[in-house]
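I am opening a fresh notebook page for this structure. My plan is to look things up one at a time and write down what I find.

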Amino acid sequence: MPRLFALDRNFPQPIVDILSDFQADATLVSLEEIDKHMSTLDDWELLLALHHHADPWDGLITTDSSMLAQGPELATLIQTKLTLVVAVASGHNPVKASGLLFAYLAGICQRTTSDRAQVWRLNAANRPPEEPWDFLKRFAEHNDRSAEDVWTEFKLSATGLARDPLSKH
């Protein structure tokens, strides 16, 4: 049975609608669809409202990481045993927040329980590029060879590099 999550306004509905077609783990409903007054509540009141709602809400999905540093929100979260999913460091980028959510949603749904509160912080590290030569070295080590031997075996000749594989089609 799919999990039921409330979704704050920072997740654009067109993106959510399209991506929801490709996952069956959760039903995501915007706060406005649940109740037009939800967006006027303090965050702790929002959690409490989900807890008391007629539908069995599993939790809230948001980009508001400040909830993780607020006493009333944390206490209410623990008492209501809801799951809070926070797309951290997505800033005001709704596409990034949506991508983070859908990348992790299946795993979150599989591990969410109704007997205790949970916090899921979704983050995408903005790392520098890695050197391909480092991967070649690891490949060589894994195959008990030197990187130079692997390079010599697999590098293309000047003629091979100049040949377009699609030119014969």
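My entries below go from the whole chain to single residues.

**Entry 1: the chain as a whole**

I note at the start that this is a predicted model. I looked up the secondary structure and found 8 helices and 5 strands in the protein chain. I then read along the sequence and wrote down the pattern β-α-β-α-α-β-α-β-α-β-α-α-α.

Next I checked the dimensions. The radius of gyration of the protein chain is 23 Å, whereas a compact globule of 169 residues would have one near 15 Å. I also looked up the box that the C-alpha atoms fill along the principal axes, and it is roughly 70 × 40 × 30 Å.

**Entry 2: surface, burial and contacts**

I asked how much of the protein chain counts as buried. The value is 32% of the 169 residues. The accessible surface comes to about 11200 Å², and carbon and sulfur atoms hold 55% of that.

I turned to contacts with a separation of 6 or more. Residues 24 or more positions apart make up 60% of these in the protein chain.

**Entry 3: charges**

I looked up 15 positive and 24 negative charges in the protein chain. Their mean positions lie 7 Å apart. As general background, side chains of opposite charge can pair when their charged atoms come close. How many salt bridges does the structure hold? I found 3.

**Entry 4: Arg3 and Asp58**

I took up the salt bridge between the side chains of Arg3 and Asp58, at 3.2 Å from N to O. This pair links distant parts of the chain, 55 residues apart. Arg3 sits in strand S1 (residues 3–7), and Asp58 is in the loop between helix H3 (43–52) and strand S3 (59–62).

Is each partner buried or partly exposed? Arg3 is partly exposed, at a relative accessible area of 22%. Asp58 is buried, at 14%. The cut-off matters here: buried means under 20%, so Asp58 falls below it.

**Entry 5: Asp134 and Lys137**

I moved on to helix H6 (residues 132–142), which holds both Asp134 and Lys137. They are 3 residues apart, about one turn of the helix. Their closest N and O atoms are 4.0 Å apart, and the two form a salt bridge. Asp134 is partly exposed at 34% relative accessibility. Lys137 is partly exposed at 35%.

**Entry 6: Arg145 and Glu153**

I looked up the salt bridge of Arg145 with Glu153, where N and O are 2.6 Å apart. Arg145 has a relative accessible area of 30% and is partly exposed. Glu153 counts as partly exposed too, at 47%.

**Entry 7: Glu73**

I wanted to know what surrounds Glu73, which lies in helix H4 (residues 71–80). Glu73 is buried, yet it has no salt bridge. Which side chain of opposite charge is nearest to Glu73? I found Arg9, 12 Å away. Leaving out residues up to four places away in sequence, Glu73 touches Asp43, Trp44, Leu47 and Met67.

**Entry 8: Ala87**

My last look-up was Ala87, in strand S4 (residues 83–87). Ala87 is buried, with a relative accessible area of 3%. I checked its distance to Thr63: the C-alpha atoms are 4.8 Å apart in space, while the two residues are 24 apart in sequence. Beyond its neighbours within four places in sequence, Ala87 is in contact with Phe11, Thr62, Thr63, Ala97, Leu100 and Leu122.

Technical notes. Residues are numbered from 1 along each chain as its sequence is written. This is a predicted model: local features need pLDDT of at least 70, side-chain atom pairs count only at pLDDT 80 or more; totals for chains, interfaces and linings use all residues. Side-chain values use heavy atoms; hydrogens and water are left out. Helices (H or I, at least four residues) and strands (E, at least two) are DSSP runs, numbered from the N terminus. The radius of gyration is taken over C-alpha atoms; the globule rule is 2.2 Å times the number of residues to the power 0.38. Buried means under 20% relative accessible area, exposed over 50%, partly exposed in between (1.4 Å probe, protein chains only). Contact means heavy atoms within 4.5 Å. Accessible areas come from the Shrake-Rupley method with a 1.4 Å probe; for residues, only the protein chains shown count as cover. Lys and Arg count as positive and Asp and Glu as negative; His and the chain ends are not counted. The place of a charge is taken as NZ of Lys, CZ of Arg, CG of Asp or CD of Glu.
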